[in-house]
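Biologist: I would like to go through this model with you, one point at a time. Please give the cut-offs as the terms come up.

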Amino acid sequence: MKKIWGITFGGLHSKILSVLLVFLLAIIGFTSFISLYKSLTLKKIVEKSGVEQHDAIENVSGDTMYQVIEQSLTKMNDLRAEKLDDEFTEIEGYIKMLRDLAGELFENADTLQPATVPLPDPDNIDQLEVHLLYEEGVDYQHSEYVGIVGNMTDTMVSLVETNDKVESCYIGLADGTHVGVGNGGADKYDENGKQKPFRVRHRPWYVGALEKGDIFFTGVERDAFNNSMNITCSAPVIINGRTVAVVGIDIVLDNIDELIAEANSDTEFVFIVNNNGQIIAVPNNNSIFQLEDSDTAEDLRKSDNKELADFITQALNEKTNLETVTLNGKEYYLIGTPMKTLNWALISVVDKERTKAPTTHLLDEINRINADSTTAFRNGTSKLSKITIIGIILIILIGAISSLFVANRIVRPIESMTDNITGKSGNGAFEMKDLYRTGDEIEVLAKSFDKLSKDTVKYIENITEITKEKERIGTELSLATKIQVSMLPHIFPPFPHRHEIDIFASMEPAREVGGDFYDFFLIDEDHLGMVMADVSGKGIPAALFMMISKALLKSNSMLGQSPAEVLEKTNELLCANNQVDMFVTVWLGILEISTGKLSAANAGHEYPAIKRADGDFELYKDKHGFVIGGMEGSRYKEYTIELSKGDKLFLYTDGVPEATDAEEAMFGTDRLLEVLNENKDASPEQLLKNVRASVDRFVKEAEQFDDLTMMCIEYKGTEK
Amino acid sequence: MEYNVITSGSKMVIELEGRLDTTTSPKLDAFIRNSLEGINELCIAMEKLEYISSAGLRVLLAAQKIMANQGRMVITGCREEITEIFEITGFSDILTIE
């Protein structure tokens, strides 16, 4: 673990930090994904709704515009047509009036004074006058017709004067004369001051009325004199099936011009088509239609533009709907209303593109707003992104710092504890500090450490104490072992000057000190005392009991008593203060060295093994008494064995036959006798070694369980 | 070593099993010293006892001493090895072996 700025990398610091960062990143990733997805969806929705809005507005607005235009235009067109028609109807009234008046005059010609009509006066420029015109070569001065119609000139003058729509009125007479009321002027004269002839009967209005036989409107005609554009209304005067005259009124076109001019704008205009499908009125400088003479003007009903041709045809017959017609490659709304009087049609034209202007404007506006809001949205989004990124960085920073802080709060006590325990700070003994009182697991841990540390100190103290005690006891025990061993006769041969006997003995306690013991001593010059004993139990208590037993047995023996007496006496003494129910088994023998006579008594001890000079070792099943120290008043029987030269006596404690191997099989007395007899003539010392080796082989690695004590005496007899 | 105790009234039977030696006898010793109050007939059954050491004999001696004052103690079912040990140590003289 590396440590930088007090932060341990790879430790809890970085683990907590990693966990927090992973957590934060997961949250950020998730929210980013959601917001990205949302913003994409939102963008799609906005775009889609923009398109839908656009289409909807276009459709609705288009429909609305169509309806608005249709309604207003239809109404307007109808009104205009009606207005014009009314004017023509009025003119028609006037012409009928003139026709009827002329008719009456002709019918009552007999009763009338012939009136005279003056020739035009060149000075009457732009002044109303009554004048007489005539065809070339016509004798106007003797015209009967002029005399007749000259009677109605007053009426005609008043018609022109009182009606501003009537520019002039006149009567063309079948004899080639012409009586007119209109502006005079030089235009009716040539450069020579001679009056120009007037081809009355060739004028279109005259011919038209004649051919039609009824009221006739000319197309737009050039005025015969001032070359202005006129429309003339005419009607034949028929007397007895013969047309005698044609009355005519020149209509002031100003009204129509006014109407047309009034209706003319950037987006719309009005034009009028006559019954021949020719345009008779259209705004000046119109890019689509031009006004032309009736003889050259195109019959629009036969136009190459089929839409237009069909429309014009229909418009001359009936009111049309608002129709879309392509003119000069551009779409226009057209609506037509027939004018009944003239069988003309008034047609309004609206630039379809221009009608879309409000829609286009609206759409532009909406697009602009959409674009603005998209930009604003984008700006907002990018601003939001920036804020979000800054926020994320801040969150991560704060998260990192706080997690490091938290980690530090967790780790610092732990580090301190570690240092404390490993001895980097302090002496290695744990000390409770305020730093550890965190109120969480760390405090628990610290308390545990505290307890552990204190326990350990106590334990170490205990161990030290125990070890000291043990060492002390060990020292004492080894001392005790030494004392015990030194208490037993351990110098061999013990009586170098006594050649009659050869003694060897050994004791190996299972623990440091044992309960077994052997002893031999000279009671006097001729008597050898021998003891083989086994105290119940082992260890210090057994050793202590052994010491007293040994001392008592020896001291009692030294008094010269018989073995049974010694045992009985010792038993009494040991029983007297025996609080622990300890006892000792004892075999005691006293050998009269000079004779080989052995007196012995057995207090609960193992049978001794005896080998006669020429025989094998055998167990001597002597009579047993009760163990010593077990019960007061025990009595012991004594027996005597005569030993001869070469006889051997082998004494042992139960540790030998009861030596146990790993399978808990016992060595047993049979094996003991066997090993003794294998080399029965060996010296006592060798015999003990043989037995010992055999026991070792038998038990193998099993622990020595009981004390192993053996003693062997060879009686060599007295010297000869 | 294990032992089973069956008590009925003032009669108690202790069944011994295994080896009664230095290591195992203190347990039985403690039991006997603490549990014999009010018992006037104690039977120690040795059918399953394999070995008894001098420490075990000491426990029997203690029990015998206690029971001598308040009733009687009987040893039953001794194996040959155990009987031999009793013989050798002279315990057969002071114990009632049946």
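Biologist: How many salt bridges does a search of the whole structure find over all chains?

Modeller: This is a predicted model, in which local features need pLDDT of at least 70 and side-chain atom pairs count only at pLDDT 80 or more, while totals for chains, interfaces and linings use all residues. Side-chain values use heavy atoms, with hydrogens and water left out, residues are numbered from 1 along each chain as its sequence is written, and chains are lettered from A and ligands numbered from 1 in the order in which they are written. A salt bridge here is a side-chain nitrogen of Lys or Arg within 4 Å of a carboxyl oxygen of Asp or Glu. Over all chains, the search of the whole structure gives 30.

Biologist: Which residue meets Lys319(A) in a salt bridge?

Modeller: The N to O distance of this pair is 2.5 Å. The pair links distant parts of the chain, 241 residues apart: Lys319(A) is in the loop between α6 and β11 of chain A, and its partner is in helix α1 (residues 12-107) of chain A. Helices (H or I, at least four residues) and strands (E, at least two) are DSSP runs, numbered from the N terminus. The partner of Lys319(A) is Asp78(A).

Biologist: Is Asp78(A) buried or exposed?

Modeller: Buried means under 20% relative accessible area, exposed over 50%, and partly exposed in between (1.4 Å probe, protein chains only). Asp78(A) has a relative accessible area of 15%, so this residue is buried.

Biologist: Which residues touch Asn321(A), not counting residues up to four places away in sequence?

Modeller: Asn321(A) is in the loop between α6 (306-317) and β11 (323-327) of chain A, and counts as partly exposed because its relative accessibility is 48%. Contact means heavy atoms within 4.5 Å. One of the residues it touches is Phe311(A), 10 residues apart from Asn321(A) in sequence and 9.7 Å apart in space, C-alpha to C-alpha. The full list is Glu70(A), Phe311(A), Leu334(A) and Ile335(A).

Biologist: With which side chain does the side chain of Asp647(A) make a polar contact?

Modeller: Asp647(A) is in strand β23 (residues 647-652) of chain A, and is buried, with a relative accessible area of 2%. A polar contact is a pair of N or O atoms within 3.5 Å; within protein, one must be able to donate a hydrogen and the other to accept it, and residues adjacent in sequence count only if both atoms are side-chain atoms. The backbone nitrogen of Ser644(A) lies 2.8 Å from a polar atom of the Asp647(A) side chain. The side-chain partner, at 3.0 Å, is Arg612(A).

Biologist: Against which elements do the buried residues of α10(A) pack?

Modeller: Helix α10 (residues 539-558) of chain A has 20 residues and reaches 28 Å from its first C-alpha to its last, close to the 28 Å expected at 1.5 Å a residue (1.5 Å times one less than the number of residues). Its buried residues include Phe545(A), Met546(A), Leu552(A) and Leu553(A). They pack against α9 (441-487), β15 (516-524), β16 (527-535), α11 (563-576) and β17 (584-592) of chain A.

Biologist: Which element gives the largest share of the side of chain B that touches chain A?

Modeller: In this interface 22 residues of chain B are in contact with 26 residues of chain A. The rule finds 0 salt bridges across the interface and 4 residue pairs in polar contact, both at pLDDT 80 or more. The elements of chain B that give two or more residues to this side are β3 (41-52), α2 (54-70), α3 (80-89) and α4 (91-94). The largest share, 7 residues, comes from α2(B).

Biologist: What area is buried between chain B and chain A?

Modeller: Buried area is the accessible area (1.4 Å probe) that two parts lose on being put together, summed over both. Carbon and sulfur atoms give 56% of the area between chain B and chain A, and the total is about 2000 Å².

Biologist: With which residue does Arg72(B) form a salt bridge whose closest N and O atoms are 3.3 Å apart?

Modeller: Arg72(B) is partly exposed, with a relative accessible area of 40%. The side chains of Glu41(B) and Arg72(B) meet in a salt bridge at 3.7 Å, N to O. At 3.3 Å, the partner of Arg72(B) is Glu98(B).
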